[in-house]
Amino acid sequence: LDVNLATVNTLVLLASSRFVAQALHAARADDHERASRLVVFAGLCGVVFTLIKSYEWYREISHGFTLPSNEFFMFYFSLTAVHLFHVVVGLVVLGGVVRELRNPNLRRPAMIESGFLYWHMVDLVWVVMFALLYLTR
């Protein structure tokens with residue numbers, strides 16, 4: 001596995017969590033325009049994560065590492081695919097949060113904070129996976 005790519009991906013997701021945390025503070029301060037912009041930045045980080053992970057999979061598969069290669073790659077591809085699915089779901093959730101923030105008739109704090117919490121959980125799961133898959137050998 002390419003630890004450098006995974007490290008960049010980890011930093012991208014940590015940056016997205018930072019954007020979401022800042023967006024929460026902005027939303028609580030009724031600065032919905034800034035909060036919305038920060039959520040979009042977090043979503044862009046999620047897209048970058050997806051692109052980097054796709055490239056990493058492409059490299060691994062082109063080198064002959066696939067699900068049936070061995071148990072490690074079976075777990076690796078399965079775990080990262082499930083995580084990537086949750087990142088995509090998280091992008092949809094962040095889109096819903098932006099919709100909430102931009103519409104004065106919505107702006108339900110519980111919905112906004114739940115969306116942020118989901119995104120943080122996806123990021124936290126990646127940090128654990130990064131440690132387990134890339135740093136333990």
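Q: How many helices and how many strands does the protein have?
A: In this predicted model, the protein has four helices and zero strands, and, read along the sequence, its elements follow the pattern α-α-α-α. The C-alpha trace spans about 55 × 20 × 20 Å along the principal axes.

Q: What span should the 26 residues of α1 have, and how far apart are its end C-alpha atoms?
A: The idea is to compare an expected length with the one found in the model. At 1.5 Å a residue, α1 with its 26 residues should span 38 Å, and the end C-alpha atoms are 37 Å apart, which agrees.

Q: Which residue caps the N-terminal end of α1, and what follows just after the helix?
A: For a cap, one looks for a side-chain atom placed against the backbone at the helix end. Here Asp2 caps the N-terminal end of α1, with a side-chain oxygen 3.0 Å from the backbone nitrogen of Asn4. Just after α1, Asp30 takes a positive phi of about 60°.

Q: At what angle do the axes of α1 and α2 cross, and are the two helices roughly parallel or antiparallel?
A: The angle is read between N-to-C directions, and a value over 145 degrees counts as roughly antiparallel. The axes of α1 (residues 3–28) and α2 (residues 32–62) come within 8 Å and cross at roughly 165°, and the two helices are therefore roughly antiparallel to each other. Their crossing is left-handed. By class, the contact of α1 with α2 has 20 nonpolar, four polar and four charged residues.

Q: At what angle do α3 and α4 pack, and is the crossing left-handed or right-handed?
A: The reading proceeds through angle, direction and handedness once more. Helix α3 and helix α4 (residues 109–135) pack at an angle of about 160°, their axes lying 9 Å apart, and α3 and α4 are therefore roughly antiparallel to each other. The crossing in which α3 passes α4 is left-handed. The residues of this contact of α3 with α4 divide into 21 nonpolar, five polar and one charged.

Q: How many aromatic pairs does the count come to?
A: Rings are paired by the distance between their centres, with a limit of 6.5 Å, and by this rule the count comes to 12 aromatic pairs. One of them joins Phe73 and Tyr76, an edge-to-face pair with 6.0 Å from centre to centre and 80° between the planes.

Q: Where do Phe73 and Tyr76 lie?
A: Sequence spacing helps to place such a pair on a helix. Both Phe73 and Tyr76 lie in helix α3 (residues 71–102), three residues apart, which is about one turn of the helix.

Conventions. Residues are numbered from 1 along each chain as its sequence is written. This is a predicted model: local features need pLDDT of at least 70, side-chain atom pairs count only at pLDDT 80 or more; totals for chains, interfaces and linings use all residues. Side-chain values use heavy atoms; hydrogens and water are left out. Axes are lines fitted to C-alpha atoms, for helices over the stretch in contact, and angles run from 0 to 180 degrees between N-to-C directions. Angles under 35 degrees count as roughly parallel, over 145 as roughly antiparallel, 65 to 115 as roughly perpendicular and the rest as oblique. A crossing is left-handed if the near helix is turned anticlockwise from the far one by less than a right angle, and right-handed if clockwise. Ala, Val, Leu, Ile, Met, Phe, Trp, Tyr, Cys and Pro count as nonpolar, Asp, Glu, Lys and Arg as charged, and the others, Gly among them, as polar. The expected span of a helix is 1.5 Å times one less than its number of residues. A polar contact is a pair of N or O atoms within 3.5 Å; within protein, one must be able to donate a hydrogen and the other to accept it, and residues adjacent in sequence count only if both atoms are side-chain atoms. Rings of Phe, Tyr and Trp (its six-membered ring) pair if their centres lie within 6.5 Å; planes under 30 degrees apart count as stacked, over 60 as edge-to-face and the rest as tilted.
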